[in-house]
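Open your viewer and get ready to select residues as you read. Each stop below tells you what to pick next and what you will find there.

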Amino acid sequence: PPTVRIVHSGHACNVEEERHTERVYTIREGETLELTCLVTGHPRPQIRWTKTAGSVSDRFQDSSVFNETLHISKIQRHQGGRYYCKAENGLGSPAIKSIRVDVYYLDDPLVTVHQSVGEAKEQFYYERTVFLRCVANSNPPVRYSWHRGRDVLSQGSDKGVEIYEPFFTQPNKRLY
């Protein structure tokens, strides 16, 4: 009967989530993904690569689907997900192994500015507040820092400046 295992070059680690451990391969967007399915069995098993947890419109290059090596040039963020290698030769059950591919990316940050309507302070001047908001799309989630010139701004370090963390921001998870 067939046996199968997935090998690769690059970064992979075991990640435990809710008492379940899985192998996760990390790759930067734009790099080349190569996963190789090592099989044994006689007669020689047929191999097929499939994918879940991604866009249903994803299609592998036809030459990759039935080869030992799955090759995706210039991988895009939507191509992350779980990749399965299935080997079968008609003897016993098919052998299936999988690996999760996590595509890292960082888009340019977008800063927006909003100014409040002035409030009269006594009779001499108007006080206005300027709000700056920074948003960046990324995987893993970004950590934000604000600078004025070369100085790093932190909460309480500059009178009149308040820094609010977005409620969805979390520290970067270390997978290694």
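The tour starts with the whole chain and then goes from stop to stop. Please keep in mind that this is a predicted model.

**Stop 1: the whole chain**

Show the chain as a cartoon and colour it by secondary structure. You should find one helix and 15 strands. Now switch to colouring by relative accessibility: of the 176 residues in the chain, 28% are buried. If you like contact maps, draw one here. Among contacts with a separation of 6 or more, 59% are between residues 24 or more positions apart.

**Stop 2: the disulfide**

Select Cys-37 and Cys-85 and show their side chains as sticks. The two are joined by a disulfide, with an S to S distance of 1.7 Å, and the structure holds one such bond. Where in the fold are its two ends? Cys-37 sits in strand E4 (residues 33-40) and Cys-85 in strand E7 (residues 81-88), so the bond ties together parts that are 48 residues apart in sequence. Check the torsion about the S-S bond while you are there: it is about -90°, so this disulfide is left-handed.

Are these cysteines buried or exposed? Cys-37 counts as buried because its relative accessibility is 1%, and Cys-85 is buried too, at 0%.

**Stop 3: the nonpolar core**

Next, select Leu-33, Leu-35, Trp-49, Tyr-83 and Val-101 and show them as spheres. The largest nonpolar core has 21 residues, and these five touch the most other members. Which elements give two or more residues to this core? They are strands E1 (3-8), E3 (20-28), E4, E5 (46-52), E6 (69-72), E7 and E8 (95-106).

**Stop 4: Arg-77 and its partners**

Centre the view on Arg-77 and add Glu-29. They form a salt bridge in which the closest N and O atoms are 2.9 Å apart. Arg-77 belongs to the loop between E6 and E7, and Glu-29 to the loop between E3 and E4, so you are looking at a link between distant parts of the chain, 48 residues apart. How accessible are the two partners? Arg-77 is partly exposed, with a relative accessibility of 29%, and Glu-29 is partly exposed at 27%.

Now add Asp-107 to the selection. Glu-29, Arg-77 and Asp-107 are linked in a network of salt bridges. Keep Arg-77 in view and add Tyr-105 as well: Arg-77 lies over the face of that ring, 3.8 Å from its centre. A search for aromatic pairs, on the other hand, comes to zero.

**Stop 5: two further salt bridges**

The whole structure has four salt bridges, and two further pairs deserve a selection of their own.

Pick Glu-68 and Arg-44 first. Their side chains meet in a salt bridge at 2.2 Å, N to O. Glu-68 is in the loop between helix H1 (62-65) and E6, while Arg-44 is in the loop between E4 and E5, so this pair ties together parts that are 24 residues apart in sequence. With a relative accessible area of 31%, Glu-68 is partly exposed, whereas Arg-44 is exposed at 52%.

Then select Glu-88 and Lys-86. The closest N and O atoms of this salt bridge are 3.8 Å apart. Glu-88 is partly exposed, with a relative accessible area of 36%, and Lys-86 is partly exposed at 33%.

**Stop 6: Ile-96**

Move to Ile-96 in strand E8. This residue counts as partly exposed, at 49% relative accessibility. What does Ile-96 contact, leaving aside neighbours within four places in sequence? The list is Val-4, Tyr-84, Cys-85 and Lys-86, so you meet again one end of the disulfide from Stop 2. Draw a C-alpha to C-alpha distance from Ile-96 to Arg-5 as well: they are 91 residues apart in sequence and 8.1 Å apart in space.

**Stop 7: Pro-1**

Finish at Pro-1, in the segment before E1. Pro-1 is exposed, with a relative accessible area of 69%. Show its surroundings and, not counting residues up to four places away in sequence, you will find that Pro-1 touches Thr-40, Gly-41, Asn-89 and Leu-91. Add Gly-92 for the last distance: the C-alpha atoms of Pro-1 and Gly-92 are 5.5 Å apart, with their positions 91 residues apart in sequence.

Key
Residues numbered from 1 in each chain as written. Predicted model: local features only at pLDDT ≥ 70, side-chain atom pairs only at ≥ 80, totals over all residues. Heavy atoms only, no water. Disulfide = S-S within 2.5 Å. Helix = DSSP H or I, 4+ residues; strand = E, 2+ residues; numbered from the N terminus. Buried < 20%, exposed > 50% of the residue type's maximum accessible area, 1.4 Å probe, protein only. Core = buried A, V, L, I, M, F, W, Y, C linked by side-chain atoms within 4.5 Å. Phe/Tyr/Trp six-rings, centres within 6.5 Å; stacked < 30°, edge-to-face > 60°. Lys NZ or Arg CZ within 6 Å of the ring centre and 35° of its normal. Contact = heavy atoms within 4.5 Å.
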